[in-house]
Amino acid sequence: MKKFEFQDNGRTFTCEAATSRATPDQMWWWVNVSGDSLRYAAFHMKKGDTITSVRPRIVEYYAKVLADRERPPLPRPTFGPGRPPAQKQVQPD
């Protein structure tokens with residue numbers, strides 16, 4: 001099984017086992033979701049994976065992606081124009 005498709009919660013998930021350029025010796029489950037422009041390397045392919053075993057993991061993975069998108073971004077520190085804050089010097093005892 002290298003490629004399959006399924007429906008969940010009004011979305012079509014297209015899943016394909018393939019390598020990535022960064023890890024050519026490792027197989028990943030790549031996922032495209034209808035309505036989403038990104039392709040996700042959800043997790044490594046395991047020996048013995050089946051549609052029945054992979055599908056809930058993909059649904060769970062994508063639910064986490066959506067939850068992460070909903071969180072507000074972490075604030076970034078500002079240091080002023082072009083330079084980091086001065087480092088506090090620690091005096092030896």
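Student: Where in the chain is Ser20 found?
Tutor: In the loop between β2 and β3. Keep in mind that we're looking at a predicted model here.

Student: What makes Ser20 count as buried?
Tutor: The cut-off for buried is under 20% relative accessible area. Ser20 comes in at 16%, so it counts as buried. Beyond its neighbours within four places in sequence, Ser20 is in contact with Gln26, Trp28 and Trp30.

Student: Which side chain makes a polar contact with the side chain of Ser20?
Tutor: That of Thr23, at 2.8 Å. A polar contact needs an N or O pair within 3.5 Å, so the pair of Ser20 and Thr23 passes at 2.8 Å.

Student: OK, let's step back. How many helices and strands does the chain have?
Tutor: One helix and four strands. Their order from the N terminus is β-β-β-β-α, so the helix comes after the strands.

Student: Which residues have the most contacts inside the largest nonpolar core?
Tutor: Phe4, Phe13, Cys15, Trp29, Val31 and Ile58, in a core of 15 residues. At least two core residues come from each of β1 (3–8), β2 (11–18), β3 (28–33), β4 (39–44) and α1 (51–70). The biggest giver is α1, with four residues. As a rule, nonpolar side chains in soluble globular proteins tend to be buried together.

Student: What does Phe13 touch, not counting residues up to four places away in sequence?
Tutor: Phe4, Glu5, Phe6, Asp8, Val31, Asn32, Val33, Ile58 and Tyr62. Two of these, Ile58 and Tyr62, are also buried residues of α1.

Student: Now α1. How do you know that its end C-alpha atoms are where they should be for 20 residues?
Tutor: At 1.5 Å a residue, α1 should span 28 Å. The end C-alpha atoms of α1 are 28 Å apart, so the two values agree.

Student: Which residues of α1 are buried?
Tutor: Val54, Ile58, Tyr62 and Val65.

Student: Why do you say that these buried residues line one face of the helix?
Tutor: Look down the axis of α1: the buried residues fall within an arc of 65 degrees, so they line one face. On the other side of α1 you'll find Thr52, Glu60, Lys64 and Glu70, which are exposed.

Student: What covers the buried residues of α1?
Tutor: The cover includes β1, β2, β3 and β4.

Student: What makes Phe43 buried?
Tutor: Phe43 sits in strand β4. The relative accessible area of Phe43 is 13%, and buried means under 20%, so the label fits. Apart from neighbours within four places in sequence, Phe43 is in contact with Trp28, Trp29, Val54, Arg57 and Ile58. The C-alpha atoms of Phe43 and Trp30 are 7.8 Å apart, although 13 residues separate the two along the chain.

Student: And Asp49, why is it called buried?
Tutor: Asp49 has a relative accessible area of 14%, and the limit is under 20%, so Asp49 is buried. You'll find Asp49 in the loop between β4 and α1. Not counting residues up to four places away, Asp49 touches Met1, Trp29, His44, Val54 and Arg57.

Student: Which side chain shares a polar contact of 2.8 Å with that of Asp49?
Tutor: The side chain of Trp29. There's also the backbone nitrogen of Lys46, 2.9 Å from a polar atom of the Asp49 side chain.

Student: Flip side: what makes Asn9 count as exposed?
Tutor: Exposed means over 50%, and Asn9 has 68% relative accessibility, so it counts as exposed. Asn9 is in the loop between β1 and β2.

Student: What is the phi of Asn9?
Tutor: Positive, about 55 degrees, although Asn9 is not a glycine.

Student: Why is Arg71 called exposed?
Tutor: With a relative accessible area of 53%, Arg71 clears the cut-off of over 50%, so exposed is the right word. Arg71 is in the segment after α1, and its side chain makes a polar contact of 2.3 Å with that of Asp68.

Student: Last one: what share of the 93 residues in the chain is buried?
Tutor: Buried residues make up 23%. The accessible surface of the chain comes to about 7600 Å², and 54% of it belongs to carbon and sulfur atoms.

Notes. Residues are numbered from 1 along each chain as its sequence is written. This is a predicted model: local features need pLDDT of at least 70, side-chain atom pairs count only at pLDDT 80 or more; totals for chains, interfaces and linings use all residues. Side-chain values use heavy atoms; hydrogens and water are left out. A nonpolar core is a set of buried Ala, Val, Leu, Ile, Met, Phe, Trp, Tyr and Cys residues joined through side-chain atoms within 4.5 Å. Buried means under 20% relative accessible area, exposed over 50%, partly exposed in between (1.4 Å probe, protein chains only). Contact means heavy atoms within 4.5 Å. Accessible areas come from the Shrake-Rupley method with a 1.4 Å probe; for residues, only the protein chains shown count as cover. The expected span of a helix is 1.5 Å times one less than its number of residues. The arc is that of the directions from the helix axis to the C-beta atoms. A polar contact is a pair of N or O atoms within 3.5 Å; within protein, one must be able to donate a hydrogen and the other to accept it, and residues adjacent in sequence count only if both atoms are side-chain atoms.
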